Amino acid sequence: MSANTLSDHTADSLVVADTATIPVDSLYPVKDSCEVKLQATIEMKKGYLSGICILSHQGDSIRGALFNEFGITAMDFNYDLRKDEVMLTTVMAMLDKWYVRPVLRKDLLEVLHALRAGKTTYKDDKYGIQFTFLPLKDNDPEDETEEQPF
């Protein structure tokens, strides 16, 4: 067996074993091309940020975007599954500070680990930041009742 075949086989078995440990109630995009939409709230000592978070599994990474209620992108990030690290690609000006970015990277990594374990909240006790991610219900027009005209 060649080294490439061994590493490919090992990687395949790791992925299978890895996805088998993810709880059924996980809010984590497990499969490639899978997308998860979440209601997100980040509470800090001096305020909060709320909106929608979309996580999309693409190959060896998960891409995430957090939008506020007005549709303004608060942050975009990539989570490298192999390296187990988060890279911030875009951060809104209010949060784009040299001392805030490392905290966000570390906290988003912990949030992704929590989501994978089926948890919906993560609290950074050191900085007093709480992240809450809940499943976002899609509004299905068939579920809505029609109002009768007057």
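How many cavities of 30 Å³ or more does the structure hold? The structure, a predicted model, holds one such cavity, where a cavity is a set of points on a 1 Å grid over the protein atoms alone at which a 1.4 Å probe fits but cannot get out. Residues are numbered from 1 along each chain as its sequence is written, and side-chain values use heavy atoms, with hydrogens and water left out. Local features need pLDDT of at least 70 and side-chain atom pairs count only at pLDDT 80 or more, whereas totals for chains, interfaces and linings use all residues.

An open sheet of seven strands (DSSP runs of E, at least two residues, numbered from the N terminus; two strands pair if DSSP finds at least two bridges between them) has the order β5-β4-β3-β2-β1-β7-β6, with antiparallel pairing. Each of β5 and β6 stands at an edge with a single partner strand, so one side of each is left without a neighbour in the sheet. Strands β1 (residues 35-44) and β2 (residues 47-58) pair over 10 bridges, and Met 44 stands opposite Gly 47 in β2. Strands β4 (residues 73-80) and β5 (residues 85-91) pair over six bridges; four residues lie between them in a hairpin, with Asp 84 in the turn at a positive phi of about 55 degrees.

About 30 Å³ of space lies in the largest cavity (the volume filled by probe spheres set on the points, which are joined across faces, edges and corners). Its lining (residues with an atom within 4 Å of a point) includes Val 111, Lys 119 and Phe 133. Helix α2 (a DSSP run of H or I, at least four residues) gives the most to this lining, with three residues.

Note on methods:
1 Å grid on protein atoms, 1.4 Å probe; cavity = no way out; pocket = protein on both sides within 12 Å on 5 of 7 lines; lining within 4 Å.
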